Amino acid sequence: MYDINTLDQLAGELATSEFELLRFVYRSGEFYSRFKRRKSNGDLRVIHAPTEPLKNLQRKIIRRFLASIPLPESCTGFRPGKSILSNTLPHCGRRFVFNIDIEDFFASITSERVLGLFLRLGFAFPVACVLTELTTFMGSLPQGAPSSPYLANLISHSLDMEMVEYCSTKGWNYTRYCDDITISGDTMFTLGDMKMVTEILDSEGFALNNAKTRFLRRNSAQIVSGLVVNRRPNLPREKRRVIRAMFHQASVSPDKFKGRIQELENHLSMLTMLNPQTEEVLKYRAVLNTVCALRKKTLATV
C-alpha cells in the first residue's frame, strides 16, 4: 500500500528529519512519562504516555498512514463517526448479551506484531522497524500513545472478521470497542460456543479476562459500554441519579463547580448523545453555561 523504502522518504512524509526520527528511536526512554491510573475495579493500571514532541509525531503517523485504512463496521472504538452508542445499538432487545474483556489488550500487541503490520502495509523493512520503534515502548503498544488504538484496531482486523463470521452463522451480533467485545442474540449460547470464542481469541494472540466475562439474560440489566440495552440504550438508573444530583447542586451553588466543568461536560455529552433535545438536557446545558460564565468572570478578575 505504501511504497516507502528509505528513512529520507519517511521523514519527508512526516515533515521532519531523519535525525529527529532516530533521536526518538535511540533515546525513547526520554520521551515517555510513567504514571498509574486507578481502574474501575480499584486496581492500578500503568500508563506510559509520550511527551508532546513524540505524541505529535505519532499523530502524524496516524493521519498520514493509518486513519484512512478501512476497518470492519463491528470495530466501534476510537474511530471517527463511531461512539459507544454505535457499540450498543446492535445489542438492544436481545435474549442474551455476552460481554468479554481482552486481557492486557495493548500489552499483548507486541512490537513484532506491529512490525508485521507495517511490513504488510508495504513499508521496506528498515522503515517498518523505525515506525515500530516510534509507536511501541518496552516491547508493546504503550497505553498512553495516540497511535496505539489505531494500531490495535488494525492488528485486530482478522479477529473481528473471524468473530463476525462465527456469530453470523448463529444469527448473533458482534462488536468490539477497544478491548471490550460484545456478542448478543436470540438463540441459545452453549459451552461449545464459549469454547469456540476462546479459541478464536487464542488463535489471534489474545486472551480472555475471565474476571470480566459476563453473560446477561433479558430478565437482568443488560449492560454494554456502561449503557443499559434491554430495550434502547440508556444510562443505568443509579448513574442518572448521580448526574441529576450533581447538576442540581451546580444550579444551587455554581461557584462550587467552577473547577469541575469537565466533569459536567462529560455527563452532559453522554446525555446529549442519548437524547439530544430532552427537557433534561436543555436544563443541564443552561446550568453548565452558568458555571462556565462564572468561571470566565472569575478568571477575568484575576
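This passage describes the pockets of a predicted model, a buried aspartate at the largest of them, and two loop residues with positive phi.

The largest pocket holds about 1,400 Å³ of space, and 43 residues form its lining. Those nearest its centre are Arg 45, Asp 101, Gln 143, Asp 179 and Lys 212. Two or more lining residues come from each of strand S1 (32-38), strand S2 (44-50), helix H4 (84-88), strand S3, strand S5 (180-185) and strand S7 (223-224). Of these elements, S2 gives the most, contributing five residues. By class, the lining of the largest pocket comprises 20 nonpolar, twelve polar and eleven charged residues.

Asp 101, one of the residues nearest the centre of the largest pocket, belongs to strand S3, which spans residues 96-101. The Asp 101 residue is buried but takes part in no salt bridge. Its nearest side chain of opposite charge is that of Lys 212, at a distance of 4.4 Å; the cut-off for a salt bridge is 4 Å between a side-chain nitrogen of Lys or Arg and a carboxyl oxygen of Asp or Glu. When residues up to four places away in sequence are left aside, Asp 101 touches Asp 179, Asp 180, Ala 207, Leu 208, Asn 209 and Lys 212. Among these contacts, Asp 179 and Lys 212 are also listed with the residues nearest the centre of the largest pocket.

The second largest pocket contains about 270 Å³ of space. Its lining consists of Val 228, Asn 230, Arg 231, Arg 232, Asn 234, Leu 235, Pro 236, Arg 237 and Arg 240. Three of these lining residues are nonpolar, two are polar and four are charged.

The backbone was also examined for unusual phi values. Most residues other than glycine have a negative phi. Ala 15, by contrast, has a positive phi, near 55°. This alanine is placed in the loop between helix H1 (7-13) and helix H2 (18-26). Ala 15 counts as exposed because its relative accessibility is 62%, the threshold for that class being over 50%.

A positive phi of about 55° is likewise found at Met 138, which is not a glycine. Met 138 is located in the loop that lies between helix H6 (125-135) and helix H7 (147-155). With a relative accessibility of 67%, Met 138 is therefore classed as exposed.

Notes:
Residues numbered from 1 in each chain as written. Predicted model: local features only at pLDDT ≥ 70, side-chain atom pairs only at ≥ 80, totals over all residues. Heavy atoms only, no water. Helix = DSSP H or I, 4+ residues; strand = E, 2+ residues; numbered from the N terminus. Buried < 20%, exposed > 50% of the residue type's maximum accessible area, 1.4 Å probe, protein only. Lys, Arg positive; Asp, Glu negative; His and termini not counted. Contact = heavy atoms within 4.5 Å. 1 Å grid on protein atoms, 1.4 Å probe; cavity = no way out; pocket = protein on both sides within 12 Å on 5 of 7 lines; lining within 4 Å. Points joined across faces, edges and corners; volume = space filled by probe spheres on them. Nonpolar A, V, L, I, M, F, W, Y, C, P; charged D, E, K, R; others polar.
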